[in-house]
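Below are some notes on the empty spaces in this model, for a reader who has not met it before. Please read them with the structure open.

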Amino acid sequence: MAVLEVTDVGVRFGGVVALDSLSFSIDDGQICALIGPNGAGKTTLFNVVSRIYEPTAGSVTFDGANLLALPAHRIAQLGVGRTFQNLALVPGLSVLDNVMVGGHARSRGGFWASALRLPPVPAQERQLRDRAMGVLELMSLEHLAGRPCAGLPYGTLKRIEFARALCGQPKLLMLDEPASGLTHGEVDELGAAICTIRDEFHLTVLLVEHHMSMVMAISDKVVVMDLGRKISEGVPAVVREDPKVIAAYLGAPA
């Protein structure tokens, strides 16, 4: 059963076509990689699903709901979590507080209940803190819980952002270049962690990544984009041999 269905989605910025009739779907529990050269439109698609960008055409359905009919602040509540290509952590906050931010969309207290610390709020805060610590332990980051994010290594910050997305208890986790800036050893560890987290949290994962060795090793399905269009789709072994994919990455022969 498809968890995410993208149908004929188009995005234009003035005269620039960023997405051109893009369609694909992801089944429950799959790791689907969205790959393509720089400028192919991968992050644009992420921003459409996250409701940061408004598409000019098409539809996006998640778990039976029309995402395009919902405001941006409802997306996390529905069960869509994401990381960003550029880090979006708060440097002055502790690692634990940054991770807890990811879970606040699931809290039930309103503005006044939180401001006045009414009875449900402290209990929810404790539950959220416990959940955040559990995610940090899973990511082997618990020893940094009290440290501010400022000054931590880049690879560590990427894992903290990953943990923050998990704290929101998503059904669909969108990872935008999570291996960017990591060493080869860290990339291998990240690939294993994505598979483990998918299984333990029963997640569906949409992954944008340029590390092809990791993509081909962990993906159940690969969607290849070029210039805003889908040029190939299938299992990794088939996609890597597709002439259109080879031409997009290496150039067509003269």
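How do the residues of the lining of the second largest pocket divide into nonpolar, polar and charged?

1. The model is predicted. In the lining of the second largest pocket, 7 residues are nonpolar, 4 are polar and 3 are charged.

2. This second largest pocket has a volume of about 280 Å³. It is lined by 14 residues, and those closest to its centre are Met139, Arg159, Glu189, Leu190 and Ala193.

3. Two helices deserve a look here. Both α6 (154-167) and α7 (184-201) supply at least two residues each to the lining of the second largest pocket. The most comes from α7, which gives 6 residues.

4. There is also enclosed space to consider. Rolling a probe the size of a water molecule over the atoms shows where empty space is left. The structure holds 1 cavity of 30 Å³ or more. The space in the largest cavity is about 70 Å³.

5. The lining of the largest cavity is made up of Thr83, Phe84, Gly155, Lys158, Arg159, Glu161, Phe162, Pro178, Leu182 and Leu190. Here α6 gives the most, with 5 residues. By kind, the lining of this cavity has 5 nonpolar, 2 polar and 3 charged residues.

6. Two residues are worth finding in the view. Arg159 and Leu190 are among the residues closest to the centre of the second largest pocket, and Arg159 and Leu190 also line the largest cavity.

Technical notes
Residues numbered from 1 in each chain as written. Predicted model: local features only at pLDDT ≥ 70, side-chain atom pairs only at ≥ 80, totals over all residues. Heavy atoms only, no water. 1 Å grid on protein atoms, 1.4 Å probe; cavity = no way out; pocket = protein on both sides within 12 Å on 5 of 7 lines; lining within 4 Å. Points joined across faces, edges and corners; volume = space filled by probe spheres on them. Helix = DSSP H or I, 4+ residues; strand = E, 2+ residues; numbered from the N terminus. Nonpolar A, V, L, I, M, F, W, Y, C, P; charged D, E, K, R; others polar.
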